[in-house]
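Open the model in your viewer and keep the selection panel at hand. This tour goes stop by stop.

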Amino acid sequence: MHLDPCGAIMDYVRDPYNVPVKPFANSDTQVTLSWRPASPDADVFEEQHQFTSLFHSHFPWADDGQVGEVFDPSIYHGGLRPVNRWWNNLPALDYDVGLTPCEPLEAFRQGETFDPLRPAAEYNEDGFPRCCLAYFKPRLGVVWGMRSVVSVVSPLVPNTCGGAGGAPLGVTVEAILPAGAIYWYRLGILSGAHRYHIRYGFPLPSGGVQWTCTPWAVQCLIASGPSDFGTIEEERDITVFTSPTDLSFYLFNPDGANAHSFRFKLTIT
Amino acid sequence: MATIKGTLIFRGTDHGWTESYFWSGTNNLNFHTPILDFIAQKRAALLGNDCEVRARRVSIELDDANNPVRGDAQLRRKPVYFGNPDQPAAAPGTGLQLRFENAAGTNHKNLFMRGIWDVVETTDGQYQPGAGAGWGGAMAAFISALLGASGANVGWIARGPLSPANAQVVDYLEEDSGQVTFTTTADAFTGPMVGTRRHIRISGINAPTKSVLNREWVVDVLSTNSARTIVPVSAFPFLSPGKLTVYGFVLVVAANILEEGIIFRSVGRPLLVRRGRQARRPLG
């Protein structure tokens, strides 16, 4: 089975549990699925799909062989009301956020195509698909106004967030910091005080992280200038002197080529 | 038209709950997400501080022919709709009961709304909608959303008998698997029901003795006069016939929604608290 939402929220239930599912469109093969709590920052899987919890189904017994959770009469009283579940108490993973499912989205509605010759999916020590993690590394997702991903670009290509002439603030950028530096710019920031908020994921590079924006010496000022961040979450003020100003934001990984990649999330308001 | 279920997932200070609404429409859930979004905004205005509409969920529950299905679902989380920051929320076990009525007033369904403003409930449990400034307008907007302003006329799924009035169970057999196969009078099940799963009720079987079979069951319909339970059940041998009712389901659209009053219901396990061992109960 290769179908996996890669950390996206598939449904809301009180506790995670194990359940048999039918994942394939062209086979009745069943596998045991283990639901896991989503990370606090996880987004929901927004496509119409079949892999939901039967908890919310008005007619969980109405099983006509479709993909998704398999109705198990043994945990229902008379087949009507759930009396038991195989609770698994699995923990959330702190890195399963912002990933892209490896299978096409349509497979979450129609089922995965069963191919006995296809190599088995690989999982890490947490039981998380390695395919999901491989998909994330080269990408930078820009979340516009905390609603949806509007573009995906290479982390080494400057990204314009907003547009000329007083670009709206409140933009959140989620990305992974590779060995070296990452930067992007915003056009037309008006003069005045702004604040950026940055949150880091683990593991932090051993040398910390350096942050600056340019041309900070003449046009913008970060509260205490470029600094090393050892904290997980931090807020800093930016003062822009000339309006409008095009600012470039740089995030440096001082460990260079030997640094670890790690996740961060930046919000500018 | 399919029957759609819209579920709002709420979160309070330490408890969560859901509320569900039903309406009819197309099988494309992209049309229904904005409807539930509109309802969620109006409902959130009636929430107290520290309460929020955490997520929205739409799903297909009945197909175009009113057959129960396990249809697709679609989720939305952002934006989160927060309650009124100026109004403390009532206790988690306290709620306002809404009564949904059909046009003829012959059927009704109750909705229990948790997370309401504390000020609209007196200490002795009376509903005082005039005590909260803005409550009346927010409630009117919410009811209006449910009665069509959202783009859907909300109702509920009701069930009624489908089988002939004189349908009977004339025999049954406990199979090796433990499941019970009922034999019924001819044509208790219609042709299209054969091969499907149905919700039935058995009553009066083996009268005057009591039988574990006299209750509701989910069965697989084997033919027009036989059906088998989907779970095993241990029953005494057949003695005398009983009545069989096959349930059908239909969406009943609400024409009126009334504010009934404050009621109290126990709350479930607090959020983020793991399941533990059940508390010991007294013996005997």
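Select strand 1 (residues 2-11) and strand 2 (residues 16-25) of chain B. In this predicted model, the two strands pair in the antiparallel sense over ten bridges. They form a hairpin, with four residues between them. For one rung of the ladder, pick B:Ile9 in strand 1: its bridge partner in strand 2 of chain B is B:Thr18.

Keep strand 1 of chain B and add strand 3 (residues 52-62) of chain B. This pairing is also antiparallel, and it runs over nine bridges. Here the rung to pick is B:Thr3, whose bridge partner in strand 3 is B:Leu62. Strand 1 of chain B therefore pairs with strand 2 and with strand 3, in the antiparallel sense each time.

Is strand 1 of chain B largely enclosed or open? Turn on the surface and look. Nine of its ten residues are buried, so the rest of the structure largely encloses this strand. Before leaving this part of the chain, click B:Cys51. B:Cys51 is buried too, at a relative accessible area of 6%.

**The nonpolar cores**

Show side chains next. The largest nonpolar core has 46 residues. Which residues have the most contacts inside it? Select B:Tyr21, B:Trp23, B:Ile39 and B:Met139. Now colour helix 2 (residues 135-146) of chain B. With seven residues, helix 2 of chain B gives the most to this core.

A second core is separate from the first and has 36 residues. Its members include A:Phe59 and A:Tyr76 from chain A, and B:Ile157 and B:Phe189 from chain B. Select these four together to find the place.

**Around helix 2 of chain B**

Return to helix 2 of chain B and click B:Ala140, which lies in this helix. B:Ala140 counts as partly exposed, with 44% relative accessibility. Now draw a distance from B:Ala140 to B:Ser163, C-alpha to C-alpha. The two are 23 residues apart in sequence and 41 Å apart in space.

Step back along chain B to B:Thr122. B:Thr122 sits in the loop between strand 7 (108-114) and helix 2 of chain B. Its relative accessible area is 18%, and buried means under 20%, so B:Thr122 counts as buried. What does its side chain meet? A polar atom of the B:Thr122 side chain lies 2.8 Å from the backbone nitrogen of B:Gln126.

**The disulfides of chain A**

Switch to chain A and show cysteines as sticks. How many disulfides are there over all chains? The count comes to two.

Zoom to A:Cys6 and A:Cys132. They form a disulfide, with their sulfur atoms 1.9 Å apart. The link is left-handed, at -70 degrees about the S-S bond. A:Cys6 lies in the segment before strand 1 (17-22) of chain A, and A:Cys132 in helix 2 (residues 130-136) of chain A, so the bond ties together parts 126 residues apart in sequence. A:Cys6 is buried, with a relative accessible area of 1%. A:Cys132 also counts as buried, at 1% relative accessibility.

Move to A:Cys131. A disulfide joins it to A:Cys102, S to S 1.9 Å. This link is left-handed as well, with -135 degrees about the S-S bond. A:Cys102 lies in the loop between strand 6 (86-87) and helix 1 (107-110) of chain A, while A:Cys131 is in helix 2 of chain A, so this pair ties together parts 29 residues apart in sequence. Click each end to compare cover. A:Cys102 counts as buried at 17% relative accessibility, whereas A:Cys131 counts as partly exposed at 32%.

Now show both links together. Counting bonded cysteines along the chain, the disulfides of chain A follow the pattern 1-4, 2-3.

**Chain A as a whole**

Zoom out and switch chain A to cartoon. Its secondary structure comes to two helices and 17 strands. Chain A has 269 residues, and buried residues make up 46% of them. Look at the contacts in chain A between residues at least 6 apart in sequence: 71% of these join residues at least 24 apart.

Last stop: put a surface on chain A. The accessible surface of chain A comes to about 12,500 Å². Carbon and sulfur atoms account for 55% of that area.

Terms used: Residues are numbered from 1 along each chain as its sequence is written. Chains are lettered from A and ligands numbered from 1 in the order in which they are written. This is a predicted model: local features need pLDDT of at least 70, side-chain atom pairs count only at pLDDT 80 or more; totals for chains, interfaces and linings use all residues. Side-chain values use heavy atoms; hydrogens and water are left out. A disulfide is a pair of cysteine sulfur atoms within 2.5 Å. Buried means under 20% relative accessible area, exposed over 50%, partly exposed in between (1.4 Å probe, protein chains only). Two strands pair if DSSP finds at least two bridges between them. A polar contact is a pair of N or O atoms within 3.5 Å; within protein, one must be able to donate a hydrogen and the other to accept it, and residues adjacent in sequence count only if both atoms are side-chain atoms. A nonpolar core is a set of buried Ala, Val, Leu, Ile, Met, Phe, Trp, Tyr and Cys residues joined through side-chain atoms within 4.5 Å. Contact means heavy atoms within 4.5 Å. Accessible areas come from the Shrake-Rupley method with a 1.4 Å probe; for residues, only the protein chains shown count as cover.
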